Amino acid sequence: MAVEPWVTIGPQNRGKASGPMKGHVRQRKNGKWECSLPLGYGLDGKKRRMTKSGFETKEEAEQGLIKMAYEVGQHMVVKHSDESLYNYLRYWLDAESDNYEPSWLKNLFGYLENYIGPEIGNVKLSGLNAGYIEKLYKALRNQGKSPQTIKHVHNMLSKALSKAAKQKLIAANPVKDVTPPKVTRSARKRNLNVWTMEELQTFLRIARESRWYIAFLLAAYTGARQGEILAIRWENINFAKNRLTIDSSISRDMKGYKVGDPKTDSSYRDIILPQHVMDELLKHKERKHEKDERLFNRPKDFVVRTWKGTFVSQRNFAREWYRLLDLSGLPKIRFHDLRHTHATLLLESGVNVKAVSARLGHASSKVTLDIYSHVTPQMEDGVAEVLTQLSRTKTLVLEPPAEE
């Protein structure tokens, strides 16, 4: 049984496909001819090949090879795959792990393990369709999951299955045929709770007895994220200019906590601090270890630290936060809501939105306005008061001139 030499199928025979594709034709023992075309590698690393047989002549087999190559080039043919959706998403997450922040990657694995896997994880990738995706979203709604959570799952599936389509593991991305739930503004704001200035001051008085008081003070007066505060070193504090530089963050990946880059490029920023916060930082810097009087005030030492001088894990810090919260008797909020409290108080006080946006490390003022749209009524009230004052001082003429 002789195998015919390779036949190169060029772009002129494959429509929009680019680059040559090699296949071959051969005559089988029964006298019939077959054609075969390589389809690259599957998820298991094994070579995939598409074969058609039963041709009466060599010429018919060669024409079949040309047609086959054209169909592959036009995405009319997909590789047969017995992989389950769950297995493919695991492969995809492993391949894409370097493109996501550790904390967000952990969320994606959570969506797979807790939501996608139990509902449709056993569906074969080759048999996946829009109906299964809709079934998943319905199940999540019945479980009480928010539109925002379902939208995150939707975006994850869309990216993963777009790649599967490019790999020709599926004919098309079925997520494109499913409408994700609409995330309304009220849904986005449902977990945004803030304290008044009086409530914030009450908490800080209670927190003074904590060895991590400086962390709560910084959160209240910078609006920095928890991971950013826990990653601050003394070299990030400029006592001459009353400034704090945010250039790193504590995050958790599949292996544990680590110091890494901030959340986004815009998260790298300098924040000006009030003098009383700088005074507290200076006191904290000179505070000795209770047991052996060590000082952890070298440039690379962490401002918020354990007794050993290492950074504080977010889990242990959360325990202290909730302990103090219970002691305070204040309305229950998340630690992250101190960030929202900081921004809200600034905006209500008339601080420029662009300045607040830069302070928080947002990509643009639009992001800030979208998150803190609840402050708009108070901001409008402030505008009205300013206009009233201007009209009284004749700086701004609001009434038409009297007729002569």
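This passage walks through a predicted model of a single chain, from its overall make-up to a few of its contacts.

Taken as a whole, the chain has 404 residues, and 41% of them count as buried. Its secondary structure adds up to 15 helices and nine strands. Looking at contacts in the chain with a separation of 6 or more, 59% come from residues 24 or more positions apart. As for the outside, the accessible surface is about 22800 Å², and carbon and sulfur atoms make up 50% of that.

Charged pairs come next. Searching the whole structure turns up 15 salt bridges. One of them joins R26 to E34, with the closest N and O atoms 2.6 Å apart. The two partners sit in rather unlike surroundings: R26 has a relative accessible area of 22%, which makes R26 partly exposed, whereas E34, at 5%, is buried. The cut-off explains the labels, because buried means under 20% relative accessible area. This pair also has company, since R28 joins R26 and E34 in a network of salt bridges.

Another salt bridge runs between R323 and E209, where the closest N and O atoms are 3.0 Å apart. Here distant parts of the chain are linked: R323 belongs to helix α11 (residues 314–328), while E209 is found in the loop between α7 (197–207) and α8 (213–222), and the two are 114 residues apart. Neither end is buried, as R323 is partly exposed at 36% relative accessibility and E209 is partly exposed at 48%. A further example is R225 with E228, whose closest N and O atoms are 2.7 Å apart. In this case both R225 and E228 are buried.

Aromatic rings tell a story of their own. The whole structure holds 15 aromatic pairs. Among them is Y111 with Y115, a stacked pair with 5.9 Å from centre to centre and 20 degrees between the planes. Both tyrosines belong to helix α3 (residues 102–120), and because they are four residues apart there, about one helical turn separates Y111 from Y115. Y111 and Y115 are both buried.

The pair of F216 and F335 is arranged another way. The ring centres of F216 and F335 are 6.2 Å apart and the planes meet at 65 degrees, so this pair counts as edge-to-face. It also bridges distant parts of the chain, with F216 in helix α8 and F335 in the loop between α11 and α12 (337–348), 119 residues apart. F216 and F335 are both buried. These two rings belong to a wider group, too: ring pairs tie W195, F203, W212, F216, F317, W321 and F335 into a cluster.

Helix packing can be followed with α2 and α5. Helix α2 (residues 85–96) packs against helix α5 (residues 147–166) at an angle of about 90 degrees, and the axes are 10 Å apart. With that angle, α2 and α5 are therefore roughly perpendicular to each other. On the α2 side, the contact is made by L85, Y88, L89, W92, L93, A95 and E96. On the α5 side, the residues involved are M156, L157, K159, A160, L161, K163 and A164.

Two single residues round off the picture. N242 is located in the loop between β5 (237–238) and β6 (243–246). Despite being in a loop, N242 is buried, with a relative accessible area of 16%. Setting aside neighbours within four places in sequence, N242 is in contact with I271, I272, L273, Q275 and M278.

The second residue, M50, is part of strand β4 (residues 47–55). M50 counts as buried as well, at 15% relative accessibility. Along the sequence M50 and L37 are 13 residues apart, and in space their C-alpha atoms are 5.2 Å apart.

Conventions:
Residues numbered from 1 in each chain as written. Predicted model: local features only at pLDDT ≥ 70, side-chain atom pairs only at ≥ 80, totals over all residues. Heavy atoms only, no water. Buried < 20%, exposed > 50% of the residue type's maximum accessible area, 1.4 Å probe, protein only. Contact = heavy atoms within 4.5 Å. Areas by Shrake-Rupley, 256 points an atom, 1.4 Å probe, with all protein chains shown as cover. Salt bridge = Lys/Arg side-chain N within 4 Å of Asp/Glu carboxyl O. Phe/Tyr/Trp six-rings, centres within 6.5 Å; stacked < 30°, edge-to-face > 60°. Axes fitted to C-alpha atoms, helices over the stretch in contact; angles between N-to-C directions. Parallel < 35°, antiparallel > 145°, perpendicular 65-115°, else oblique.
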